[in-house]
Amino acid sequence: MSEETPGFEEKPDVPSGATPDDAADAAEPTSVEEGPAAPAGDASSKTAETAGLTAQLDQIRSALSERTGDLQRLQAEYQNYRRRVERDRVTVKEIAVASLLTELLPVLDDVGRARDHGELVGGFKSVAESLETVVAKMGLQQFGKEGEPFDPTIHEALMHSYAPDVTETTCVAILQPGYRIGERTIRPARVAVAEPQPGATPAAKEEKSADEESGGPEEG
């Protein structure tokens, strides 16, 4: 049985003629470099992360679409509100103007009667003309003429008669003129109307019948 000599270390075999550096290299253990191994769960974790980001993006897009729709509805409601306010403002103004001008109609009637009787002279004439100018600027328009067809929407018949020279119900006298503001009638024209005489043949028809009986108008 052999005994190991204390302190004796086994040295690697070094070829004869080798340098000290070669001996050091031989003494060091050779390490094999290996690349890091990819964990098996990396691909699945990346797929799950991508799916999660896609879901979040869809939620953001959906929320953005809802907020955009809310903003559009709010803007439309605001525009409708502005239009209603403007329409109401115009309506209130028209009502106020119509109320004021309605109170002035008796004065305008007096001015008209004075003009018809030749009494519109001097200072009274200047005042009357100024008043008529002011109410015209406020949009007041007078209507109603003799000879125009009777329209119950703008005329009020106070007198009725028959006449052989009319072919339809006609305003033959204007007792009081009518007034309007734009398309709004604040007082209808008060008129006397005449209807065709019952059983009477209009002159045009009589002339036509006479021409037919004579074989037509004579040629020169």
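Me: What makes up the secondary structure of this protein?
Reply: In this predicted model, the secondary structure comes to four helices and six strands. Read along the sequence, the pattern is α-α-α-β-β-β-β-β-β-α.

Me: How do you know that the span of helix H2 agrees with its number of residues?
Reply: Let's set one value against the other. H2 covers residues 42-116, which is 75 residues, and at 1.5 Å a residue these should span 111 Å. The C-alpha atoms at its ends are 107 Å apart, so the span agrees with the expected one.

Me: And how does H3 do in that test, with its 16 residues?
Reply: From the first C-alpha of H3 to its last is 23 Å, close to the 22 Å expected at 1.5 Å a residue.

Me: Where does H2 have a kink?
Reply: Look at leucine 104, where H2 has a kink of about 40°. Proline 106 comes shortly after that place.

Me: Which residue follows each of these two helices, and what is the sign of its phi?
Reply: H2 is followed by glycine 118, with a positive phi near 70°. After H3 comes glycine 139, whose phi is also positive, near 100°.

Me: Which residues of H2 are buried, and what do they pack against?
Reply: The buried ones are Gly69, Val97, Ala98, Leu101, Leu105, Leu108, Asp109, Val111 and Ala114. Their packing partners are helix H3 (122-137) and the strands S1 (140-143), S3 (170-176), S4 (178-181) and S5 (184-187).

Me: Why is leucine 100 called partly exposed?
Reply: Leucine 100 is found in helix H2. Its relative accessibility is 44%. Buried needs a value under 20% and exposed one over 50%, so leucine 100, lying in between, counts as partly exposed. If you want to place leucine 100 in the fold, its C-alpha atom is 9.8 Å from that of valine 135, which is 35 residues away along the chain.

Me: Why is valine 191 called buried?
Reply: The relative accessible area of valine 191 is 0%, which is under the 20% cut-off, so valine 191 is buried. You will find valine 191 in strand S6 (residues 189-196).

Me: Which residues is valine 191 in contact with, leaving aside its neighbours within four places in sequence?
Reply: The contacts are Phe150, His155, Glu156, Ala157, Leu158, Met159, Cys171, Ala173, Ile174 and Leu175. For one of them, isoleucine 174, the C-alpha atom is 4.5 Å from that of valine 191, with the two positions 17 residues apart along the chain.

Me: Phenylalanine 150 is in that list. Why is phenylalanine 150 called partly exposed?
Reply: Its relative accessible area is 25%, between the 20% and 50% cut-offs, and therefore phenylalanine 150 is partly exposed. Phenylalanine 150 is found in the loop between S1 and strand S2 (155-163). Leaving aside neighbours within four places in sequence, its contacts include His155, Thr169, Cys171, Val191 and Val193. From alanine 192, phenylalanine 150 is 42 residues apart in sequence but 9.4 Å apart in space, C-alpha to C-alpha.

Me: What makes proline 198 exposed?
Reply: Proline 198 has 55% relative accessibility, and since that is over 50%, proline 198 counts as exposed. Proline 198 lies in the loop between S6 and helix H4 (203-213). Its C-alpha atom is 8.0 Å from that of tyrosine 162, 36 residues away along the chain.

Me: How do you know that the charged end of arginine 180 sits over the ring of phenylalanine 143?
Reply: The charged end of arginine 180 is 4.1 Å from the ring centre. The distance cut-off is 6 Å, and the direction must also be within 35 degrees of the ring normal. Arginine 180 is listed as sitting over the ring of phenylalanine 143.

Me: How many aromatic pairs are there?
Reply: The count comes to zero aromatic pairs.

Me: How much of the protein counts as buried, and how much area is exposed?
Reply: Of the 220 residues, 15% count as buried. The protein exposes about 17600 Å², and carbon and sulfur atoms supply 53% of that area.

Notes: Residues are numbered from 1 along each chain as its sequence is written. This is a predicted model: local features need pLDDT of at least 70, side-chain atom pairs count only at pLDDT 80 or more; totals for chains, interfaces and linings use all residues. Side-chain values use heavy atoms; hydrogens and water are left out. The expected span of a helix is 1.5 Å times one less than its number of residues. The bend at a residue is the angle between axes fitted to the seven residues ending there and the seven starting there. Buried means under 20% relative accessible area, exposed over 50%, partly exposed in between (1.4 Å probe, protein chains only). Contact means heavy atoms within 4.5 Å. Rings of Phe, Tyr and Trp (its six-membered ring) pair if their centres lie within 6.5 Å; planes under 30 degrees apart count as stacked, over 60 as edge-to-face and the rest as tilted. Accessible areas come from the Shrake-Rupley method with a 1.4 Å probe; for residues, only the protein chains shown count as cover.
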